[in-house]
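Dear colleague,

I am handing over the structure we spoke about, and it is shown just below. After it you will find my notes on the aromatic rings and on the surroundings of the ligand.

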Amino acid sequence: MSIVPWSDRTVLELATRGWTILRDFLPPEIVSELREEAIRGIADNHFHEAGIGRGSDHEVENAIRGDKILWLDPGEATPAQQAYWRAIEDLQLDLNRGLFLSLVSCEAQFAVYGPGAFYKTHVDRFEANDERMISFTLYLNDAWRPEDGGALRLHVEGGPVDVLPAAGTMVVFRSDSVPHEVLVSTRERYSLTGWFMRRSLRVVE
Ligand code: OGA
Ligand code: MN
């Protein structure tokens, strides 16, 4: 078994209510480095406007989501990104063991929300592709305050839960059944969002 201290609670909360929060998922210096990489990526114009849907369904729709994204290339990982992928692999192993899942791969992207940007309520699994099982977002923002907005709002049983996008906070939830939205942010909001995937059970043409 992995020695990560969070595994038991993470597994239990995902199994019983479909979402969990991990504080200090990575050391602060790695989180700062990842934020710097996002800022450099924006400055170098490597980000592009995020869309909705996948494949032929894909479209950019600013009334639904207003962030810019940059996919991580695991083959070109910086030292900070290597630390991120190692922690993600540990988490994937824990979830496979603890929840009897068959997560076979993952993908992740930087996302930046400028002032005024938001993402309306949605679930992460696509209609035409059922590979996405578990969503995870790591926040990279130093000294985030509630009045800065930009909370992730999970629409879950018992009422909405707001997660502040503070540096080091990682939120993990089911991709198929947890509606969520990003509230309007008043300052630049940096994050790394990824998905654990299974082999598709559906035939997709
Ligand atoms: C997403 C998403 C949440 C967040 O990218 O699908 O819902 O808090 N992101 O950035
Ligand atoms: Mn989402």
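Phe47 is buried in this predicted model, with a relative accessible area of 9%, and Phe110 is buried as well, at a relative accessible area of 2%; for both, the cut-off that applies is a value under 20%. A search of the whole structure finds four aromatic pairs, and Phe47 and Phe110 form one that is tilted, with 6.4 Å from centre to centre and 40° between the planes. Phe47 lies in the loop between α2 (28-43) and β2 (48-49), whereas Phe110 belongs to strand β4 (residues 105-113), so the pair ties together parts of the chain that are 63 residues apart in sequence.

Trp71 and Trp195 form another tilted aromatic pair, with centres 6.2 Å apart and an angle of 50° between the planes. This pair links distant parts of the chain, since Trp71 sits in strand β3 (residues 68-71) and Trp195 in strand β11, 124 residues apart. As for exposure, Trp71 is partly exposed, with a relative accessible area of 35%, while Trp195 counts as buried at 6% relative accessibility.

Trp195 also leads to the ligand, as it is one of the residues around ligand 1, a group that further includes Arg65, Tyr119, Asp124, Leu152, Val182, Ser191 and Thr193. Three residues of this shell bring a polar side-chain atom to an oxygen atom of the ligand: for His122 the distance is 3.2 Å, for Tyr139 it is 2.6 Å, and for His180 it is 2.9 Å. The protein covers 98% of the 290 Å² of accessible area that ligand 1 has on its own. Two or more residues of the shell come from each of the elements β5 (119-122), β10 (180-182) and β11 (189-197), and β11 provides the largest share, namely four residues. Sorted by class, the shell around ligand 1 consists of five nonpolar, four polar and three charged residues.

Finally, there are two places where a charged side chain meets a ring. Arg189, which is among the residues around ligand 1, lies over the face of Tyr113, at 4.9 Å from the ring centre, and the charged end of Lys120 sits over the ring of Phe118, 5.2 Å from its centre.

With best regards

Key
Residues are numbered from 1 along each chain as its sequence is written. Chains are lettered from A and ligands numbered from 1 in the order in which they are written. This is a predicted model: local features need pLDDT of at least 70, side-chain atom pairs count only at pLDDT 80 or more; totals for chains, interfaces and linings use all residues. Side-chain values use heavy atoms; hydrogens and water are left out. A residue is near a molecule or strand if one of its heavy atoms lies within 4 Å of it. A polar contact is a pair of N or O atoms within 3.5 Å; within protein, one must be able to donate a hydrogen and the other to accept it, and residues adjacent in sequence count only if both atoms are side-chain atoms. Accessible areas come from the Shrake-Rupley method with a 1.4 Å probe; for residues, only the protein chains shown count as cover. Ala, Val, Leu, Ile, Met, Phe, Trp, Tyr, Cys and Pro count as nonpolar, Asp, Glu, Lys and Arg as charged, and the others, Gly among them, as polar. Rings of Phe, Tyr and Trp (its six-membered ring) pair if their centres lie within 6.5 Å; planes under 30 degrees apart count as stacked, over 60 as edge-to-face and the rest as tilted. Buried means under 20% relative accessible area, exposed over 50%, partly exposed in between (1.4 Å probe, protein chains only). A charge sits over a ring if NZ of Lys or CZ of Arg is within 6 Å of the ring centre and within 35 degrees of the ring normal.
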